[in-house]
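These are my notebook entries on a structure that I went through element by element. I begin with the terms and then turn to sheets, strands and charged side chains.

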Amino acid sequence: MTTTISRKKRRIALKRLKAANVMGLNPVSIRHTATIRSAVDTLNRCCLDMAPVTDESGRLIGIVNSADLFDTHGRRRNRQQDCVTANLTNAGLYPKTGRKRADLVVRQVMCSEVFSVRSDASIAKVIEKFVKRKVRRLCVTDQDAVLVGEIDIFELLRTLGEYVDPIRISRQ
């Protein structure tokens with residue numbers, strides 16, 4: 001026999017749910033002093049298209065993505081272009097100018113606009129950030145802006161699905 005939780009109890013539990021309850025711990029991050037080549041290696045190794053950038057104390061200071069790190073012509077990539085993963089054979093070299101982009105550090109190419117929430121933020125606040133910013137991932141920080149985790153939109157939906165009334169959904 002399956003026990004069901006009443007709607008009132010689910011609603012109360014949902015109101016108590018915080019960002020810390022749905023975040024993934026230990027997100028892959030890149031130090032702001034890392035070279036472009038090491039950042040590209042990290043993104044490729046972890047199959048990521050973006051990663052948070054932290055300073056020496058672990059504070060979140062920016063975001064870097066593969067478009068920031070790699071462009072064979074020295075220009076920023078257009079969002080419409082293919083931005084799969086950076087090609088390590090060409091990463092860091094500008095054929096026309098001869099400059100080495102691999103000598104740059106992440107701090108020089110990162111985006112300093114960060115989409116984050118605090119770990120004690122309510123789920124309503126988390127959802128509001130996702131909708132307002134139109135992103136798939138949010139960084140989670142503590143009171144000192146130290147990176148402690150990240151929330152993926154799909155993991156959030158899985159968690160919220162546990163609070164939905166399955167009987168009501170089956171009727172629809």
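By buried I mean under 20% relative accessible area, by exposed over 50%, and by partly exposed anything in between, with a 1.4 Å probe and protein chains only. On that scale I looked up R118, which is partly exposed with a relative accessible area of 39%.

I note that this is a predicted model, in which local features need pLDDT of at least 70 and side-chain atom pairs count only at pLDDT 80 or more, while totals for chains, interfaces and linings use all residues. Residues are numbered from 1 along each chain as its sequence is written, and side-chain values use heavy atoms, with hydrogens and water left out.

Entry on the four-stranded sheet. I take helices (H or I, at least four residues) and strands (E, at least two) as DSSP runs numbered from the N terminus, and I count two strands as paired if DSSP finds at least two bridges between them. With that I read an open sheet of four strands in the order β1-β7-β6-β5, with mixed pairing. Its edge strands are β1 (24-25) and β5 (116-118), each of which pairs on one side only. I found β1 joined by two bridges to β7 (residues 147-152), the two running antiparallel, and within this pair L25 stands opposite G149. At the other edge, β5 and β6 run parallel and are joined by three bridges, with R118 opposite T141 of β6.

Entry on β6 and the helix across it. Which way do the side chains of β6 point? I see R137, C139 and T141 pointing one way and L138 and V140 the other, and all are buried. Five of the five residues of β6 are buried, so the strand is largely enclosed by the rest of the structure. I then checked α6 (residues 123-133), which lies across β5, β6 (137-141) and β7 and runs at about 135 degrees to β6; axes here are lines fitted to C-alpha atoms, for helices over the stretch in contact, and angles run from 0 to 180 degrees between N-to-C directions.

Entry on β3 and its partners. Five of the five residues of β3 (residues 50-54) are buried, so I record this strand, too, as largely enclosed by the rest of the structure. Two bridges join it to β2 (residues 30-31) in parallel, where R31 stands opposite T54. With β4 (residues 60-65) I count five bridges and an antiparallel run, and V53 faces G62 there. β3 and β4 form a hairpin with five residues between them, and in the turn G58 has a positive phi of about 85 degrees.

Entry on the salt bridges. I use the term for a side-chain nitrogen of Lys or Arg within 4 Å of a carboxyl oxygen of Asp or Glu, and the structure holds six of them. One of these joins the side chains of R136 and D49 (2.8 Å, N to O). This pair links distant parts of the chain, with R136 in the loop between α6 and β6 and D49 in the loop between α3 (36-45) and β3, 87 residues apart. D49 also meets R137 in a salt bridge (3.3 Å, N to O). R137 lies in β6, so this second pair ties together parts that are 88 residues apart in sequence. I therefore enter D49, R136 and R137 as linked in a network of salt bridges, in which R137 is buried because its relative accessible area is 18%, whereas D49, at 30%, counts as partly exposed. Elsewhere D120 forms a salt bridge with R118, the closest N and O atoms being 3.5 Å apart, and D120 is partly exposed at 44%.Entry on D142. What does this residue, in the loop between β6 and β7, have around it? D142 is buried yet has no salt bridge, the nearest side chain of opposite charge being R118 at 7.2 Å; for charge, Lys and Arg count as positive and Asp and Glu as negative, with His and the chain ends not counted. Leaving aside neighbours within four places in sequence, I find D142 in contact (heavy atoms within 4.5 Å) with R118, S119 and V148. A polar atom of the D142 side chain lies 3.0 Å from the backbone nitrogen of D144 and one lies 2.9 Å from that of V146.

Notes
Polar contact = N/O pair within 3.5 Å; in protein donor to acceptor, adjacent residues only side chain to side chain.
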